[in-house]
Amino acid sequence: MASRRGALVVSYVVLAIGAVLVVGPFAWQLLTSFKTYPDSVRVPPSLLPTVWDASGYARVFELVPLDRQFVNTALMAAGRTVAQLVICSLAAFAFARLEFPGRRFFFGLFLVVLMVPAQLFVIPQFLIVQRLGWLNSMAALVVPGMFSAFGTFMLRQFFAGLPRELDEAAEIDGCGPLRRYWRVLLPLCRPGLLALAVLTLLWSWNDLLWPLIVTTDPESTTLSAGLATLSGQHNVEYPTVMAGALLATAPVIVIFSILQKQIIEGIATTGSKG
């Protein structure tokens, strides 16, 4: 009993330390957003603001068109998420439930893509976008992010774990492949679809490199790229940067807080399927 209680205490201590390490930066960010600039660069630094000042939040809107960039980010994230749910689920259904020549070979190619750093695709994708005349457009932000090897692999695990009897019963009822996919199997993959949707939304919302490359107009770029311009070469207004970062991350924090149970359930279920 004593050893069990000691192990429980150690677990709580480790979890508490982990919580501090995770929450600490957000708390520092929040407090810094209410500091004045001299207070934010003071040495030694202070945790609480000497004078509470919320002018950094207004300053963000003066420096960048935050409202327009918020709309751009929302449209980009929504477009990528919807497209990945459709394309990845169709590809996953084909790899898991259909028999066609080269199925294992092509699925192996998908797994190879997962091992290649995404930065290697930046230059080819940029050249394609440039030649299509899509720079500083929503198409440049959305189209390259519509496809995901990870999403296909993740949903393929769900489809592969469903009983084969479902396909046989659907075929007896006269369902073709598309009707089997849409009417029978896809509703059973709801946890995986939700997990992929939230992960894609978070990844798209935080994407920085690609928007910086394909958009140079402040009215056409996203929140992450717009906030990056707040950091000057010689001077950084830390309260303004922190305020902008809080405004940008608030929506995804709310979404994750509401759907965290479903996200964890979906990822855990994926790992248990063969």
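Biologist: In this predicted model, does Arg180 count as buried or exposed at 6% relative accessibility?

Modeller: The residue in question, Arg180, has a relative accessibility of 6%. Since buried means under 20% relative accessible area, Arg180 counts as buried.

Biologist: Which residue meets the side chain of Arg180 in a salt bridge of 3.9 Å, N to O?

Modeller: Arg180 belongs to a network of salt bridges that also links Arg97 and Asp167. The partner asked for is partly exposed, at 48% relative accessibility, and the side chain that meets Arg180 at 3.9 Å, N to O, is that of Glu171.

Biologist: How many residues apart are Arg59 and Glu237, whose pair links distant parts of the chain?

Modeller: The side chains of Arg59 and Glu237 meet in a salt bridge, at 3.3 Å from N to O. Arg59 is partly exposed, with a relative accessible area of 31%, and Glu237 is partly exposed as well, with 26%. Arg59 lies in helix H3 and Glu237 in the loop between H13 and H14, so that along the chain the two are apart by 178 residues.

Biologist: Which element gives the largest share of the largest nonpolar core?

Modeller: The largest nonpolar core has 19 residues, and Val60, Val64 and Trp205 are among those with the most contacts inside it. Helices H3, H4, H11, H13 and H14 each give two or more residues to this core. The largest share, six residues, comes from H14.

Conventions. Residues are numbered from 1 along each chain as its sequence is written. This is a predicted model: local features need pLDDT of at least 70, side-chain atom pairs count only at pLDDT 80 or more; totals for chains, interfaces and linings use all residues. Side-chain values use heavy atoms; hydrogens and water are left out. A nonpolar core is a set of buried Ala, Val, Leu, Ile, Met, Phe, Trp, Tyr and Cys residues joined through side-chain atoms within 4.5 Å. Buried means under 20% relative accessible area, exposed over 50%, partly exposed in between (1.4 Å probe, protein chains only). Helices (H or I, at least four residues) and strands (E, at least two) are DSSP runs, numbered from the N terminus. A salt bridge is a side-chain nitrogen of Lys or Arg within 4 Å of a carboxyl oxygen of Asp or Glu.
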